[in-house]
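Trainee: Could you walk me through this model?

Mentor: Gladly, let's take a look together.

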2 protein chains.
Amino acid sequence: MNILPEALEDLIESFAVLPGVGQKTAERYAYYLVKQPDNTSAKLASVLNNLKSQIKQCPKTFALISSSQSESDLYSNPKRDKTTIAVVAEPFDIVAIEKTAKYQGTYHVLGGLISPLDGISPDSLHIPELLSRIIEDRVVEVILATSASVEGESTALYIQSRINEQNPNIKVTRLARGLPIGLDIEYADQITLSRALENRQSF
Amino acid sequence: MNILPEALEDLIESFAVLPGVGQKTAERYAYYLVKQPDNTSAKLASVLNNLKSQIKQCPKTFALISSSQSESDLYSNPKRDKTTIAVVAEPFDIVAIEKTAKYQGTYHVLGGLISPLDGISPDSLHIPELLSRIIEDRVVEVILATSASVEGESTALYIQSRINEQNPNIKVTRLARGLPIGLDIEYADQITLSRALENRQSF
């Protein structure tokens, strides 16, 4: 005997696959939609149906773009400096960097970080395409904007050595490591603090 | 210039209406679905599309049931004792009580709790239907299984007085208030502790 109707059980199950969503949260989402007018769940359904058909990867930068576009705006826009490339792991990292409004170059999405335990080798990332872009667009600087994790650091080191092999004159940089804004020194972890000390900046 | 394709922005916006979901969480859900094979988002879409057409309210208990059913299994099942009704605020409360496997009576969903500030008056709840069921099914006990909040308590008091007016011989009970299992006395709040003391139980 089912306590809940099958359609509701199915919805709870589908919500529960989302990252960080357990049974209770999935029930809460499902029940919220049940209580809303019909068009709330219908709208979410149509948006989900359109998702895969309306987005694709930019062939140059591997950012997510609309199916109607040929290249990412952040690449095709003449205001963007094509001789500087910020290399990021995932498409959403671009959003975070764009929000700073401090960067005028282009992007290159790797599609992940090297992680042998998860079966992600350098071959499964968009590294050859990056190396071709460096030649094609006469790139002068590559910023390795990967996270400060073990995977992020080792991916950055690997790409840096590949770029160096191809052309040692290209400037390869990475994001500064140091104290995040607002953090008291006493709460900073040892590694962050020792990096901040090593890379101390002059006024 | 959009950083993200419109289909993705739409999906993030639709997820952000769910309770407790902010911009960051919505982005995380959306990006998870982008990375999954096509059928993950298609499945969620079809489940959402079916939601409203495949569920309805039981005309007796106001629990959620499949459109193909005429009454809730928890009511029509001859093993359930129709002379005992547990009155709950929302359909999901039934799931919580059923999980205890300690209850063999039927349910009645109010559809909310009396809350003048939110515009929920006694008239917007399924109270008249409860009063008719009490006569119809020759009910002997009504358990007011509302939460221990101000709204839950005042709704229980209101219904208790309405039942009393109609037939003072019906036993009206409510869920015991006391220490939750696993809680140390030192961490119990004053109201819970004073209720537990007032309603102390003999061995």
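Trainee: Which rotation superposes chain B on chain A?

Mentor: This is a predicted model, in which local features need pLDDT of at least 70 and side-chain atom pairs pLDDT 80 or more, while totals for chains, interfaces and linings use all residues; pLDDT is the predictor's confidence in each residue, from 0 to 100. Residues are numbered from 1 along each chain as written, with chains lettered from A in the order written. Superposing by least squares on C-alpha atoms of residues with pLDDT of at least 70 in both copies, chain B fits chain A with an RMSD of 0.0 Å and 0.0 Å of shift along the axis, after a rotation of 180°. That is the relation of a two-fold axis.

Trainee: Which residue of chain B comes closest to the rotation axis?

Mentor: The C-alpha atom is the one to follow, and its distance is 2.1 Å. The residue is Ala45(B).

Trainee: How far apart are the end C-alpha atoms of α7 in chain B?

Mentor: Helices are DSSP runs of H or I with at least four residues, numbered from the N terminus. The expected span is 1.5 Å times one less than the number of residues. The 17 residues 150-166 should therefore span 24 Å, and this agrees with the end-to-end value of 25 Å.

Trainee: Which residues of α7(B) are buried?

Mentor: Buried means that 20 or more other C-beta atoms, placed from the backbone, lie within 10 Å of the residue's own. By that count, the buried ones are Thr155(B), Ala156(B), Ile159(B) and Ile163(B).

Note on methods. Helices (H or I, at least four residues) and strands (E, at least two) are DSSP runs, numbered from the N terminus. A residue is buried if 20 or more other C-beta atoms lie within 10 Å of its own, exposed if 12 or fewer, and partly exposed in between; C-beta atoms are placed from the backbone.
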